[in-house]
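User: I would like to learn how to read the fold and a helix pair in a model. Where should I begin?

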Amino acid sequence: MKKTTLSVLLATLICCLPLQAAESPIAIAIHGGAGTIEKSKMTPEREKAYRDKLREALDKGYGVLEKGGSSLDAVVAAINVLEDSPLFNAGKGAVYTYEGRHELDASIMDGKTRQAGAVAGVTRIENPINLARMVMENSPFVMLAGEGAEAFAQARGVPMVDNKVFDTEQRFEQLQKAKEKLKKEQKRDKDYQAAVERLPTPYKMGTVGAVALDRQGNIAAGTSTGGMTAKRYGRIGDSPVIGAGTFADNDSCAVSATGHGEYFIRYNVAADICARVHYKGKSVGEAADEVINQVLLPIGGTGGVIVLDPAGNIAMTFNTKGMYRASRSSSQPARVAIFKDSE
Ligand code: ASP
């Protein structure tokens, strides 16, 4: 064979052999909460701000995976961007409790080991998802709450911040409106519980989360939230509850949920979706649709989930008017969407 022919052959082999096909897939999906999000009620500027922030978080997480980082690192990197933004109900921008402060919940789970960590009702931790990870990796426990969680953080050198760091004007106004509504409802039947039940959905919603698949084939999930506006009595939602708001298992799927937490706890939503994948052989899309639309919707449980399996298949399913969401994988380009019918 002539030398030139040989080099052409070699060059063809090197350039055209599908090198990428040999690489394992990577994928990430994120959410910034579900609810009554309608295009007609959002200014173009506000919509752009949400889309830009979602894209930034997505890129941050995907960048970690592209460099060979772990799914846990990608989940934390993406969630940190959303926690640091006042647009979302987590970290800065978290909703107010009835008493006018912020109590934050977060959890994380590693699909490879089924190790998990969670914090509930923390008030002085800037990025609760990082502390949840610390609980998973540096303690024999799964969930730490309130002052105990903060003492654990302090002992490990995590800086304590003033609760005011999480203040935003918009959430403060939301609290005043929620209190007015609660007062009116309570006059009727004097029952705080029933009045909370009747609060319109926007007061009960908002959370951020991420699920990711790394090159090693490991999946992970994380969720972080300020919970429900005007919550009282140390109320904890589903977000820090493993199996309800967060779940990950390499044998089935990774889930981060957002929605009316009480329903997600009682219906063990994240674990139920993965159980359907695991035991019934459902795809992530089918399993998410069954739980969100066929189980939760008829009983009044509103919200949504992002789901990812170890092959990189993604589902972003919700039964509300919208869910802030974004995804990207080695086989799917970046996609950012907010509304149900029009992306
Ligand atoms: N699930 C959160 C909670 O109930 C709120 C949300 O995701 O919208 O605390």
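Analyst: Begin with what counts as an element: helices are DSSP runs of H or I with at least four residues, and strands are runs of E with at least two. The model here is predicted. By that count the protein chain has eleven helices and twelve strands.

User: How compact is the protein chain for its 343 residues?

Analyst: Its radius of gyration is 21 Å, and the globule rule gives 20 Å for 343 residues, so the chain is as compact as a globular protein of that length. Along the principal axes, the C-alpha atoms fill a box of roughly 95 × 45 × 45 Å. Of the 343 residues, 55% are buried. Among contacts between residues at least 6 apart in sequence, 67% join residues at least 24 apart.

User: How do I describe two packed helices?

Analyst: Two packed helices are described by the angle between their axes and the distance between the axes. Take α10, residues 269-280, and α11, residues 284-296: their axes come within 9 Å and cross at roughly 135°. Angles over 145 degrees would count as roughly antiparallel, so this crossing makes α10 oblique to α11. The crossing of α10 and α11 is right-handed.

User: Which residues of α10 and α11 meet?

Analyst: From α10 come V269, D272, I273, R276, V277 and K280. They meet V284, A287, A288, E290, V291, I292, V295 and L296 in α11.

User: How do the residues of the contact of α10 with α11 divide into nonpolar, polar and charged?

Analyst: Ten are nonpolar, four are charged and none is polar.

Terms used. Residues are numbered from 1 along each chain as its sequence is written. This is a predicted model: local features need pLDDT of at least 70, side-chain atom pairs count only at pLDDT 80 or more; totals for chains, interfaces and linings use all residues. Side-chain values use heavy atoms; hydrogens and water are left out. Axes are lines fitted to C-alpha atoms, for helices over the stretch in contact, and angles run from 0 to 180 degrees between N-to-C directions. Angles under 35 degrees count as roughly parallel, over 145 as roughly antiparallel, 65 to 115 as roughly perpendicular and the rest as oblique. A crossing is left-handed if the near helix is turned anticlockwise from the far one by less than a right angle, and right-handed if clockwise. Contact means heavy atoms within 4.5 Å. Ala, Val, Leu, Ile, Met, Phe, Trp, Tyr, Cys and Pro count as nonpolar, Asp, Glu, Lys and Arg as charged, and the others, Gly among them, as polar. The radius of gyration is taken over C-alpha atoms; the globule rule is 2.2 Å times the number of residues to the power 0.38. Buried means under 20% relative accessible area, exposed over 50%, partly exposed in between (1.4 Å probe, protein chains only).
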